[in-house]
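Please look over the sequence and the structure shown here, and then follow the paragraphs below, which go from particular residues to the chain as a whole.

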Amino acid sequence: MKIKYVHTNLIAADWKKLAKFYIDVFGCKVKPPERDLYGEWLDKLTSLPEVHIKGIHLMLPGYDDNGPTLEIFEFNKNINNKKNINNEGYGHIAFAVDDVDACFKLVKSHGGSSIGETVKCEVEGVGMLHVVYAKDPEGNIIEIQKWG
């Protein structure tokens, strides 16, 4: 059996606005086509009657169009359940950057927010880490990191 990682999914209140955030802040690029999914097959797949999903896949920075994507979907019947940093399940998405402070400023200038403080620490056996946890405009957690 051959296995390949393909995408991480975020459920958005406003998929277009959230996609724009990841494009503007992290340089993700749209991987067409936009999705407009509905029908009996999707009702069966999701166990949600009359479900309708809209959204897009974004190519992640550092990968070509065959790399993994960030899938941002909006359901016609979303459930709002914002998570903390230590909730079980999906935790965060991480981006390696060359300037943590500048990227963190960019996140905040595009409607994001902070969780804690920016820190620098030595991780034994790995090296020096400069890192901060932030939230995108819909509260999804992002790790911004630089090693070395």
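**A walk through the predicted model**

S47 has a relative accessibility of 63%, and because the cut-off for an exposed residue is over 50%, S47 counts as exposed. The model you are looking at is a predicted one, and in it S47 sits in the loop between α2 (40-46) and β3. The backbone here deserves a careful look, since phi of S47 is near 60 degrees, a positive value in a residue other than glycine. The loop between α2 and β3 also holds E50, whose phi is near 55 degrees, again a positive value in a residue other than glycine. E50, at 65% relative accessibility, counts as exposed. As background, most residues other than glycine have a negative phi, and most peptide bonds are trans. With that in mind, turn to the bond from P32 to P33, which is cis, with omega near 5 degrees; P33 belongs to strand β2, which covers residues 29-38.

From these local details we can step back to the chain. The protein chain contains three helices and nine strands, and when they are read from the N terminus on, their order is β-α-β-α-β-β-β-α-β-β-β-β. Taken along the principal axes, the box filled by the C-alpha atoms is roughly 50 × 35 × 30 Å. Of the 148 residues in the chain, 34% are buried. Among contacts with a separation of 6 or more, 56% are between residues 24 or more positions apart.

What lies inside? In soluble globular proteins, nonpolar side chains tend to be buried together. Here the largest nonpolar core has 26 residues, and those with the most contacts inside it are Y22, F26, I72, F95 and I144. At least two residues of this core come from each of α1 (15-26), β3 (52-59), β4 (69-75), β5 (93-96), α3 (100-109), β8 (127-135) and β9 (141-147), and the largest share, seven residues, is supplied by α1. Apart from this core lies another, made of five residues, among them L42, V51, I53 and F75. To see the surroundings of one core residue, take Y22: if its neighbours within four places in sequence are left aside, Y22 is in contact with residues including L10, L58, L70, I72, I93, F95 and I142.

How do α1 and α3 pack against each other, and at what angle? Their axes are 10 Å apart, and the angle is about 150 degrees; because angles over 145 degrees count as roughly antiparallel, α1 and α3 are roughly antiparallel to each other. The crossing of α1 and α3 is right-handed. On the side of α1 the contact is made by F21, D24, V25 and F26, while α3 contributes C103, L106 and V107. Sorted by type, the residues of this contact are six nonpolar, no polar and one charged.

Finally, consider H130, which is found in strand β8. Is H130 buried or exposed? Its relative accessible area is 13%, and since buried means under 20%, H130 is buried. Once its neighbours within four places in sequence are set aside, the residues in contact with H130 are V100, D101, T118, V119, K120, I144, Q145 and K146. One of these, I144, has been met before, as it is among the residues with the most contacts inside the largest nonpolar core.

How values were computed: Residues numbered from 1 in each chain as written. Predicted model: local features only at pLDDT ≥ 70, side-chain atom pairs only at ≥ 80, totals over all residues. Heavy atoms only, no water. Core = buried A, V, L, I, M, F, W, Y, C linked by side-chain atoms within 4.5 Å. Buried < 20%, exposed > 50% of the residue type's maximum accessible area, 1.4 Å probe, protein only. Helix = DSSP H or I, 4+ residues; strand = E, 2+ residues; numbered from the N terminus. Contact = heavy atoms within 4.5 Å. Axes fitted to C-alpha atoms, helices over the stretch in contact; angles between N-to-C directions. Parallel < 35°, antiparallel > 145°, perpendicular 65-115°, else oblique. Left-handed = near helix turned anticlockwise from the far one by under 90°. Nonpolar A, V, L, I, M, F, W, Y, C, P; charged D, E, K, R; others polar.
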